[in-house]
Amino acid sequence: MNKNNFMKAVSIIDEDLIKEADTPYTGKAASDNAAASFSEDDNSVVVSGVEIYHRAAWKKFLGIAAALVISLGAVGGGAYYFSQMRNNNNIVDEDIQYDTIYDKLKANKDKYKMELSVHEFDTGINAYEYPASEKEKFFEYIDKLEVENDIEEKDITRLPINLRFVFTLESDINKCIYMDLYRNGDCSWTEVDERDKENKRTTYHRFADDEVVYYELLDMFGRDNTQDIIDGFKEVETEEIEDFIDERKMASYLDSNIPPNYAKKYDGSAPQMFEIVDSDEVNKIILSCEWERADFFDFNYYYSINGMKLSEEGYLAGDYKGYSVAYKLKDDVYMDKLSNIWNLCLKPEYDHNDTNNLYNELEQISNDFTVEWLQGPTRIPQGRYCYDTVTRYYTVRDPESFKNELASFEWESCSDNEVEDKTGYWQSAGHYWSYGSYSITDGGLSGKSTIYPGGYIRIASSGSFKLKNESDIESFDRIFDKYLVMDENSKIAEKIHNGITNYDNLKAHFRHELNDSVIEGYMSYDAKNEKLYMKGDGNLMYRDKEMTIELIMDGRDRSAYKAVDKETGKTDEAGTYAYSNGSTSPPPDNYIYICRSIEEEFAPRMTKNYLEYDIREIDENTELYWQAEATEEYVRIVLTGKGQLISYERVSPGHKEIFRLDDYVFDSPDFTMEDVGTIFESIYAEQE
């Protein structure tokens, strides 16, 4: 009992009760077998067959207890209070600042009890409390996961069913921390004091393993009936569907992409607009069917209608009460009834197969347009690089003739999916790898038209088209070389790109400076097999101590680094990375990564490089130089005639990076190098 609670307990003792403790006892005797009777005068209750219970004696007992509370409590309670000030193990120090809510919970986990409940929307049931050993398993599991922090609330997809892990402070049950975990891997952490809910704090996160985390935690902490409760939540009442329709109808009025009384169909090709013949009938048909909660919704094929998403496979989806909900027909017998929506209630606005839109779009191409070539992964995680993505920029020579030749072929409509299948493929990580395409823009970042070698065109406003006759493909592909002219910076990027592999081998000493840090050493590079070994001494990775650093590539997609403390001889850091999937490398970059990054500077994705370099031929090398007009910033790059990097300098106020090769020898007939395959495996094992 803390000081405040102790004083509160004393203050609520009834003074009359204390007085009654000194009142002489005057209760009347009664036979053990007397019948039960109630009397307000004698203040007693007599019950047949039991011992007589006297209120006055009860009052006297409580009076004595009250006196003891006053006399002993002041001593005992006070002693307890001051002992707690000396040993406050159950109190969380609110003055300590933690990076995340989870960090605060973990640091004080022994002071919280853990419970799990299953929630449907904002209602939770099925709470279980777990012993300390089970609670420890939770933290061990969470610590192993890769989690994306500081996600904005708008980026979280809340599903109607979630697991809530509640941690209640044992010394103050009004304070708790809880995690809401959704099946898609999104979650939120909330810290709240029930006495001050307005100031609760919530942060939003995403687990990299998506639904795996949800099901593994459910398996670890769910009880025998937990899954039954979740399955029970999948039942959907008609009232929920009614509320869902009403809420989506109101939201549809704010959708600027679809006019009122119109629907839009998405099926992999360009979206098609429909007029809604009878909006009320659409809602009546939906309500006449029985629905249950669904685990997924195919967002590639559906109608956007009255603010809802409706598929021809019998699924319904949308936002409801701040949650992303999905329903499916409870029985296939309702399919015939549901199909009346797209068969009877929707009227196509126009014929989407009209190729006139293609020719009208091509007609807008002019000398001001830029053509961007993109090959490789088309989506890279934010803040990362993928050097397998190649970008180049062109202008159109003789736009009129270019348009006329494109329009001279016969075209027919096709789906976006067909274009994707024929011009690239989906990687296992969910990224699309393009074999190559030309995006024609008017200066913006997104292409108005995208033209693919092999006879495909995609128009942003009209959909996708393909050559009607496969015999025209060869003539079609020749158009690009005939009319597209690569800009000067892209030519430099192309030269550097080719220079990575267009020779046999390289031996050299290197020096890499980054501001006041430096590393120096030697390198060997097998260009034909993209195997690289670099080893140097310096403080580039750690400014406060000298390190021996190894940088290797065992083929295009297997890179590694290792840093050993020169004073102790112990490995300080080791790791692997790959540029094909957007993995990041530590400083310093290896030689090939430096070449790739310079290539990207000359032809960055989605934005053209307009820096104009002075180009000079020095002996057999090429020097590229750019100087800022108003500052001391400059860039100097030296390449061999075949495009191999010799040196790179980028200097500006407050920043300096310089890399150079010395004593370099290309294509030595006596070339040998370290076994980078074995070294890679060793570093990989050390990393694990």
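## Lys403 and its partner in helix 12

Lys403 has a relative accessible area of 4% in this predicted model, and a residue counts as buried under 20%, so Lys403 is buried. Its side chain meets that of Glu400 in a salt bridge, with 3.0 Å from N to O. Glu400 has a relative accessibility of 44% and therefore counts as partly exposed. The bridge thus has a buried lysine and a partly exposed glutamate.

Both residues belong to helix 12, which covers residues 399-407. Because Glu400 and Lys403 are three residues apart in that helix, about one helical turn separates them.

## Other salt bridges

Side chains of opposite charge can pair when their charged atoms come close. The count for the structure comes to 45 salt bridges. One of them joins Arg195 to Asp172, where the closest N and O atoms are 2.6 Å apart. This pair links distant parts of the chain, 23 residues apart. Arg195 is in the loop between strand 9 and strand 10 (201-207), while Asp172 is in the loop between strand 7 and strand 8 (175-182). Is each partner buried or exposed? Arg195 counts as exposed because its relative accessibility is 53%, whereas Asp172, at 18%, counts as buried.

A further salt bridge is formed by the side chains of Glu513 and Arg511, again described by an N to O distance, here 3.0 Å. Glu513 has a relative accessibility of 13% and so counts as buried. Salt bridges also link Arg392, Glu494, Arg596 and Glu599 in a network.

## Aromatic pairs

The search of the whole structure finds 41 aromatic pairs. In one of these, the ring centres of Tyr102 and Trp189 are 5.5 Å apart and the ring planes meet at 50°, so the pair is tilted. Tyr102 lies in helix 4 (residues 101-107) and Trp189 in strand 9 (residues 186-193), so this contact ties together parts that are 87 residues apart in sequence. Tyr102 is buried, with a relative accessible area of 11%. Trp189 also counts as buried, at 5% relative accessibility.

The rings of Phe165 and Phe221 have centres 5.8 Å apart. Their planes are at 80°, and an angle over 60 degrees counts as edge-to-face, which is why this pair is classed that way. Phe165 is in strand 7 (residues 161-169) and Phe221 in helix 6 (residues 211-221). The two residues are 56 residues apart, and their pairing links distant parts of the chain. Phe165 counts as buried at 0% relative accessibility, and Phe221 counts as buried at 0% as well.

## The aromatic cluster

Which residues do ring pairs link into a cluster? The members are Tyr102, Tyr130, Phe138, Phe139, Phe165, Phe167, Trp189 and Phe221. The cluster therefore takes in the tilted pair of Tyr102 and Trp189 and the edge-to-face pair of Phe165 and Phe221.

## Charges over rings

Two contacts place a basic side chain over an aromatic ring. The charged end of Arg158 sits over the ring of Tyr323, at 4.1 Å from the ring centre. Lys321 lies over the face of Phe121, where the distance to the ring centre is 5.7 Å.

Definitions and conventions: Residues are numbered from 1 along each chain as its sequence is written. This is a predicted model: local features need pLDDT of at least 70, side-chain atom pairs count only at pLDDT 80 or more; totals for chains, interfaces and linings use all residues. Side-chain values use heavy atoms; hydrogens and water are left out. Rings of Phe, Tyr and Trp (its six-membered ring) pair if their centres lie within 6.5 Å; planes under 30 degrees apart count as stacked, over 60 as edge-to-face and the rest as tilted. Helices (H or I, at least four residues) and strands (E, at least two) are DSSP runs, numbered from the N terminus. Buried means under 20% relative accessible area, exposed over 50%, partly exposed in between (1.4 Å probe, protein chains only). A charge sits over a ring if NZ of Lys or CZ of Arg is within 6 Å of the ring centre and within 35 degrees of the ring normal. A salt bridge is a side-chain nitrogen of Lys or Arg within 4 Å of a carboxyl oxygen of Asp or Glu.
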